[in-house]
Amino acid sequence: MSSPKLAFLGLGVMGYPMAGHLQKAGYDVTVYNRTATKAATWVETYGGSRAATPAAAAEEADIIFACVGNDHDLRQVALGTDGAFNALKPGAIFVDHTTVSATIARELDQAARALGCHFLDAPVSGGQAGAENGALTIMLGGEEEPFATVDPILQCYARKTKLLGTAGSGQLAKMVNQICIAGVVQGLSEGLHFAKEAGLDAAAVIEVISKGAAQSWQMENRAQTMIDNQFDFGFAVDWMRKDLDIVLDEAENNGADLPVTRLVNDFYSEVQQKGGNRWDTSSLITRLHNRKVK
């Protein structure tokens, strides 16, 4: 597949720049978005073409990428009346970047196989900045052959890709990612809250401890904005709640004990109740504001 024709379904805060990287790299990209005006703007910005339905975008494509909202949205663009799977040509590869359940990943894998096609679940980590800067981490589930075909193309917006097992494995790995983030953000929130209540210069403390064992991406990139009460930096609380609900549902199936994740998910619910639905995940600290350590 020397110069595959590509389709990209979903032009949200992640999909819009990801599809742009593909077009800028010289691929022929057809885009679809539920809000057609956004697809028109994308074409004006990057070139390529747009289609009125997922099926129309996919019908001539060798590889179809999707990045939508949730299980329902993915099922609609893939299997709905005008879904892409109604138009896949034999041997086509469908790559899903949405963070969804492992269950739907396996469902789409079976549906693709029945059509003589391939499916890869490929959720991403790195947020809006990672998408814009072409520096995403991509965790994949599926077969080796389609992965080998797609991987060079993923490098247009990835800094790390890894095939982790059969269909659903990428989604399971993304769940691990979100479990780890939830605990780190809560720990950082409590640390900054403690520093303030102890009368310390929180920024000075972070400057020191970020060079030691407490260092994390969240500390390096969000500690100062958390201190400044700024929470407009990408991945929203609503999206994190969606992801953690998926994690907890999967934990019910596999028996994993996730007490901290369950607690932090409840804490994010409190942030939503404060009106922080679209604040970024570092806004977890706001529930500690004006509270005193007993």
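1. A word on terms before we start: helices and strands in this note are DSSP runs, helices being H or I over at least four residues and strands E over at least two, all numbered from the N terminus. With that in hand, Leu115 can be placed in the loop between α5 and β6. Please keep in mind throughout that this is a predicted model.

2. Staying with Leu115 for a moment, this residue is partly exposed, at a relative accessible area of 40%. Leu115 also gives a feel for distances in the model: Ala203 is 88 residues away from Leu115 in sequence, and their C-alpha atoms are 56 Å apart in space.

3. Now to the sheet. Six strands make up an open sheet, and going across it you meet them in the order β3-β2-β1-β4-β5-β6, with parallel pairing. At the edges are β3 (49-50) and β6, each of which pairs on one side only.

4. Strand β5 (residues 93-96) deserves a closer look. Which of its residues point one way, and which the other? Ile93 and Val95 go together on one side, while Phe94 and Asp96 point the other way, and all of them are buried. That fits the general rule that side chains in a regular strand alternate between the two faces of the sheet.

5. On one side, β5 pairs with strand β4 (residues 63-66); the two run parallel and are joined by four bridges. One bridge partnership here is that of Ile63 with Ile93 in β5. To get from β4 to β5, the chain passes through helix α4 (residues 71-79), and the resulting β-α-β crossover is right-handed.

6. β5 also pairs with strand β6 (residues 118-121), again in the parallel sense and over four bridges. If you step along the two strands, Phe94 has Phe119 in β6 as its bridge partner, Val95 stands opposite Leu120, and Asp96 faces Asp121. The connection here runs by way of helix α5 (residues 102-114), which together with β5 and β6 makes a right-handed β-α-β unit. The loop with Leu115, mentioned at the start, lies between α5 and β6.

7. How many aromatic pairs does a search of the whole structure find? The count is seven. Among them is the pair of Phe8 and Phe65, which is stacked, with 6.0 Å from centre to centre and 15° between the planes. Phe8 belongs to strand β1 (residues 5-9) and Phe65 to strand β4, so this pair ties together parts of the chain 57 residues apart in sequence. Are the two rings' residues buried or exposed? Phe8 has 0% relative accessibility and therefore counts as buried, and Phe65, also at 0%, counts as buried because the cut-off is under 20%.

8. A second stacked pair brings us back to β5: Phe94 and Phe119 sit 6.2 Å centre to centre, with 15° between their planes. This pair links distant parts of the chain, with Phe94 in strand β5 and Phe119 in strand β6, 25 residues apart. Phe94 counts as buried at 0% relative accessibility, and Phe119 is buried with a relative accessible area of 2%. These two residues are also the bridge partners noted in point 6.

9. Two further aromatic features are worth displaying. Tyr16, Trp42 and Tyr46 come together in one aromatic cluster. Elsewhere, Arg287 places its charged end over the ring of Phe267, at 3.5 Å from the ring centre.

10. Finally, a pocket you may like to inspect. Rolling a probe the size of a water molecule over the atoms shows where empty space is left. The second largest pocket has a volume of about 180 Å³. Twelve residues line this pocket, and those nearest its centre are Leu192, Lys196, Ile227, Ile285 and His289. Two elements each give two or more residues to the lining, namely α8 (169-197) and α10 (217-227). Which of the elements supplies the largest share? That is α8, with four residues.

Note on methods. Residues are numbered from 1 along each chain as its sequence is written. This is a predicted model: local features need pLDDT of at least 70, side-chain atom pairs count only at pLDDT 80 or more; totals for chains, interfaces and linings use all residues. Side-chain values use heavy atoms; hydrogens and water are left out. Buried means under 20% relative accessible area, exposed over 50%, partly exposed in between (1.4 Å probe, protein chains only). Two strands pair if DSSP finds at least two bridges between them. A crossover is right-handed if, with the strands pointing away from the viewer, the path from the first strand over the helix to the second runs clockwise. Rings of Phe, Tyr and Trp (its six-membered ring) pair if their centres lie within 6.5 Å; planes under 30 degrees apart count as stacked, over 60 as edge-to-face and the rest as tilted. A charge sits over a ring if NZ of Lys or CZ of Arg is within 6 Å of the ring centre and within 35 degrees of the ring normal. On a 1 Å grid over the protein atoms alone, a cavity is a set of points where a 1.4 Å probe fits but cannot get out, and a pocket is an open set with protein on both sides within 12 Å along at least five of seven lines; lining residues have an atom within 4 Å of a point. Grid points are joined across faces, edges and corners, and a volume is the space filled by probe spheres set on the points.
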